[in-house]
Amino acid sequence: MTTSPPIAALPPFTKRWRKARLWPLSVALAFIALIGTAFYLINSHWPYRYRNVDPLLQKVFASQIKIDRYHRTYFPNPGFVATGLTLRRNSAPDLPPVGSARSLVVQGRWLDLLLLRNRVRLVGVEGLHIVIPPVGSRANQEDFPPGSSADFAGPTTVVEQLNIRDAILDIMRTDGDRYSFPIKQLIIRNLRKGQAISYLLDMQNPKPTGRIQSTGSFGPLLPDSLGATPVSGDFTFSPVNLGDIHGISGTLSATGRFSGALASIEAVGICETSNFAVGRGRPTHITASAHGTINGLDADIVLHTIEAHTGATTVEAKGNIVGSPKVTNLDITVVSGRAQDLLRPFLHDEVPLSGPVVLHSHVYLAPSEKGLKFLKRLYVDGTFDIPAERLTNQTTERKLSAFSQRAQGLRSIKGEAPGDPDLTTHSDVLSSLNGRAKISDGVVSTQRLTFQMPGAAIDLNGTFNFRDRTVHLLGNLHMLSDISHITTGFKSLLLKPLIPFFKKDNFGAVIPIAITGSPHRYKVTQNLLHHK
């Protein structure tokens with residue numbers, strides 16, 4: 001019987017080497033098992049499954065959301081991407097959608113997941129389009145019934161940043177048109193129920209067109225007392241194309257700040273335009289400051305003070321912009337201004353007169369309707385007094401000075417050529433102009449316009465059209481002297497026999513006159529037959 005040779009025992013170092021090789025393999029297998037288990041657990045309990053995040057999104061957008069496509073993301077941040085979104089109000093899920101979005105991104109942090117922090121790093125939305133039914137309409141009341149403000153209280157999970165890009169907000173009008181607000185970017189930080197948010201906004205205003213930029217804070221939202229919700233911030237509105245408002249033109253730039261409760265926001269601002277004009281008027285530099293209270297719930301505005309400066313004139317005003325659609329009422333006062341400053345933006349040619357002016361008026365601006373020009377919307381009723389005005393046209397001023405001399409019964413200065421008032425050497429005469437006037441549909445009408453100068457006074461009633469600058473005024477010329485002094489030379493001799501017919505109570509002549517015509521064709525005639 002043969003026996004096998006004995007097997008040599010392995011050296012001790014060989015056993016240790018084999019154990020050393022098995023240890024990394026065991027660790028690797030354990031790590032793989034751990035990763036697999038973690039992946040299984042994460043996949044089974046993935047916090048960014050759409051069904052898990054849907055309640056959060058409903059709180060963020062105050063709407064029910066339906067998506068077309070969805071996929072998860074893991075690196076560099078956990079989350080998901082969804083496309084083709086449709087939004088329906090939580091309070092009206094059976095009504096047509098209020099909006100849609102091209103894409104939605106939700107991202108968290110791995111560290112927050114590991115530490116079990118209940119927060120979301122980012123909610124990003126692109127191509128959001130929201131349509132709001134006309135204010136006061138049945139559709140609007142169904143989308144936003146009483147008490148629905150609680151839908152906008154925010155989520156219980158912290159959303160560190162809500163980033164909305166390339167959005168459009170459409171507010172429908174009762175006439176079927178809409179106000180479209182393109183929103184380039186809206187960033188909201190620290191979005192959570194019961195906490196204030198900070199925001200950054202960059203958007204376009206629809207009419208007049210201009211860029212609005214604002215930063216500030218809002219909240220915390222108080223659903224049971226929405227108007228008491230705090231709000232504050234700063235804004236710029238520039239450049240603003242005033243030409244979008246029919247009948248006026250210019251480019252405006254404005255800045256300001258605001259703070260207070262949502263239903264009573266105190267706001268102050270300053271603005272400037274270097275080329276403001278009404279119709280074909282001359283471009284005029286205007287600066288202004290204002291202080292008002294804004295109701296953020298219905299956009300009504302109470303204007304406590306407005307102070308505008310043009311040339312050497314200061315215009316003060318107060319009033320309100322209220323209602324739906326909005327109407328404007330202003331009380332305007334000029335205590336110590338210049339007539340030429342006020343007339344310049346309304347007139348294309350040289351301002352016809354200059355001098356100090358006092359003005360008190362009420363302005364009503366009708367709602368801006370499609371195609372309705374500024375002068376169609378403007379209604380003014382007020383009084384004015386220009387106590388010492390001069391005509392800016394030197395030829396006309398010399399004629400007026402010569403007539404004033406004759407109306408006082410004074411003889412021509414030695415050396416003048418009788419019958420040729422253009423050659424007189426009289427100094428400019430100071431005259432006054434005052435009365436009550438109304439502006440409606442671009443036409444100024446007056447029931448008693450009084451023009452006075454040394455030796456004569458004129459009472460006039462009639463109209464002046466801002467559009468074509470035609471004038472039609474009727475009245476009486478009162479003179480200290482008799483009718484023969486209304487002209488010179490041979491014409492004066494012919495009028496001598498008519499003196500008794502135009503003499504009134506021994507105070508000189510009273511002559512019916514008419515001022516009519518259009519630019520460069522204005523004329524003053526005797527209205528002996530009292531034609532209207």
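# Briefing: a predicted chain and its side-chain pairs

Leu375 is buried (under 20% relative accessible area; exposed is over 50%, partly exposed in between; 1.4 Å probe, protein chains only), at a relative accessible area of 11%. The model is predicted, so local features need pLDDT of at least 70 and side-chain atom pairs count only at pLDDT 80 or more, while totals for chains, interfaces and linings use all residues. Residues are numbered from 1 along each chain as its sequence is written, and side-chain values use heavy atoms, leaving out hydrogens and water.

**Whole chain**

- The chain holds nine helices and 28 strands; these are DSSP runs (helices H or I, at least four residues; strands E, at least two), numbered from the N terminus.
- Of the 532 residues, 39% are buried.
- Contact means heavy atoms within 4.5 Å. Among contacts with a separation of 6 or more, 51% join residues 24 or more positions apart.
- About 30100 Å² of the chain is exposed, and carbon and sulfur atoms supply 60% of that area. Accessible areas come from the Shrake-Rupley method with a 1.4 Å probe; for residues, only the protein chains shown count as cover.

**Two buried residues**

- Leu375 sits in helix 6.
- Leaving aside residues up to four places away in sequence, Leu375 touches Val278, Asp441, Gly442, Phe466 and Arg467.
- Ile248 is 127 residues from Leu375 along the chain, and their C-alpha atoms are separated by 8.7 Å.
- Thr516 belongs to strand 27 (residues 510-517). Its relative accessible area is 18%, so Thr516 counts as buried.
- With residues up to four places away in sequence not counted, Thr516 touches Val471, His472, Arg521, Tyr522 and Lys523.

**Salt bridges**

- A salt bridge is a side-chain nitrogen of Lys or Arg within 4 Å of a carboxyl oxygen of Asp or Glu. The count is twelve.
- Side chains of opposite charge can pair when their charged atoms come close.
- Asp441 and Lys376 form one of these bridges, at 3.2 Å from N to O. This pair links distant parts of the chain, 65 residues apart: Asp441 is in the loop between strand 23 (431-440) and strand 24 (443-453), and Lys376 is in helix 6 (residues 374-377).
- Asp441 is partly exposed at 31% relative accessibility. Lys376 is also partly exposed, at 41%.
- Asp459 bridges to Arg448, with the closest N and O atoms 3.8 Å apart. Asp459 lies in strand 25 (residues 456-465) and Arg448 in strand 24, so this pair ties together parts eleven residues apart in sequence.
- Arg109, Asp112, Arg119 and Glu160 are joined into one network by salt bridges that share partners.
- Within that network, the closest N and O atoms of Arg109 and Asp112 are 3.7 Å apart. Arg109 is partly exposed at 31%, whereas Asp112 is buried at 3% relative accessibility.

**Aromatic pairs**

- Rings of Phe, Tyr and Trp (its six-membered ring) pair if their centres lie within 6.5 Å; planes under 30 degrees apart count as stacked, over 60 as edge-to-face and the rest as tilted. By this rule there are four aromatic pairs.
- One of them is Tyr364 with Tyr379, a tilted pair at 5.8 Å centre to centre and 55 degrees between the planes.
- Tyr364 lies in strand 21 (residues 356-365) and Tyr379 in strand 22 (residues 378-391), so the pair ties together parts 15 residues apart in sequence.
- Tyr364 is partly exposed, with a relative accessible area of 30%. Tyr379 is partly exposed at 35%.
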